[in-house]
Amino acid sequence: MLIQVAFAGGFLGGHFDMLKMHGILGRVIVVAAVLMAVAAFLVRRSGGPKSVLPASVVVLLALIAQMALGLNRNVAGHVLLGVILVSAVAVLSQRAMTTPLPAGTAPTTPGRDEAARTEPVT
């Protein structure tokens, strides 16, 4: 999303070719947000924290609104929502990286599990 800000700033600074890159990256971010919402659903379904799914859905809906504002050339609303989105995604990312996973979901190394088992050799 920070690259999005750079493209927007470049466009507003007179580099009009950056608007196309801003639009392409915006669509990529919406696809990433869909994947994020699906991942949040799966984490929640497996017993993960409840707060991540609603936050992910709100971010996705806000990004869709952001695209609509941009396509309709509502610059004031688009910039304001963009600043809010960058802040919200930063907070959501921090929470996702620091929230512990539920018990029993820690990754395991197959070699280590097999070595821990002691089966009699016949």
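Is Phe16 buried or exposed? Phe16 counts as exposed, at 60% relative accessibility. Keep in mind that this is a predicted model. Overall, the chain has five helices and zero strands, so let's go through how some of those helices meet, then pick out a few residues worth a look.

**Overall layout**
- Going along the sequence, you get the pattern α-α-α-α-α, with zero strands in the chain.
- The chain has 122 residues, and 19% of them count as buried.
- If you take the contacts in the chain with a separation of 6 or more, 42% of them come from residues 24 or more positions apart.

**Helices α1 and α2**
- Helix α1 covers residues 2–12 and helix α2 covers residues 18–45; their axes come within 8 Å and cross at roughly 155°.
- Angles over 145 degrees count as roughly antiparallel, so that is the label for α1 and α2.
- The crossing of α1 past α2 is left-handed.
- On the α1 side, the contact is made by Ile3, Gln4, Ala6, Phe7, Ala8, Gly10 and Phe11. On the α2 side, Met18, Leu19, Met21, His22, Leu25, Gly26 and Ile29 take part.
- Sorted by class, the contact of α1 with α2 has 10 nonpolar residues, four polar and no charged.

**Helices α2 and α3**
- Next comes helix α3, residues 52–71, whose axis comes within 8 Å of the α2 axis and crosses it at roughly 165°.
- With that angle, α2 and α3 are therefore roughly antiparallel to each other.
- Here, too, you'll find a left-handed crossing, this time of α2 and α3.
- From α2, the residues that meet α3 are Arg27, Ile29, Val30, Ala33, Val34, Met36, Ala37, Ala40, Phe41 and Arg44. Their partners in α3 are Val52, Leu53, Ser56, Val59, Leu60, Leu63, Met67 and Leu71.
- The contact of α2 with α3 divides into 15 nonpolar residues, one polar and two charged.
- Ile29 turns up in both lists for α2: it is named in the contact with α1, and Ile29 is also among the residues that meet α3.

**The aromatic pair**
- There is one aromatic pair in the structure. It joins Phe11 and Phe16, whose ring centres are 5.7 Å apart.
- Why is the pair of Phe11 and Phe16 called edge-to-face? Planes over 60 degrees apart count as edge-to-face, and the planes of these two rings are at 75°, so the label fits.
- Phe11 has a relative accessible area of 25%, so Phe11 is partly exposed. Phe16, its ring partner, counts as exposed at 60% relative accessibility.
- Phe11 also belongs to the α1 side of the contact with α2.

**Arg73 in the α3–α4 loop**
- Where does Arg73 sit? Look in the loop between α3 and α4, with α4 running over 75–98.
- Phi of Arg73 is near 60°, which is a positive value in a residue other than glycine.
- Arg73 is exposed, and its relative accessible area is 61%.

**Ser93 in α4**
- Ser93 is found in helix α4, and Ser93 counts as partly exposed at 37% relative accessibility.
- Along the chain, Ser93 and Val52 are 41 residues apart, while their C-alpha atoms are separated by 9.9 Å.
- Val52 is also one of the α3 residues in the contact with α2.

Key:
Residues numbered from 1 in each chain as written. Predicted model: local features only at pLDDT ≥ 70, side-chain atom pairs only at ≥ 80, totals over all residues. Heavy atoms only, no water. Axes fitted to C-alpha atoms, helices over the stretch in contact; angles between N-to-C directions. Helix = DSSP H or I, 4+ residues; strand = E, 2+ residues; numbered from the N terminus. Parallel < 35°, antiparallel > 145°, perpendicular 65-115°, else oblique. Left-handed = near helix turned anticlockwise from the far one by under 90°. Contact = heavy atoms within 4.5 Å. Nonpolar A, V, L, I, M, F, W, Y, C, P; charged D, E, K, R; others polar. Phe/Tyr/Trp six-rings, centres within 6.5 Å; stacked < 30°, edge-to-face > 60°. Buried < 20%, exposed > 50% of the residue type's maximum accessible area, 1.4 Å probe, protein only.
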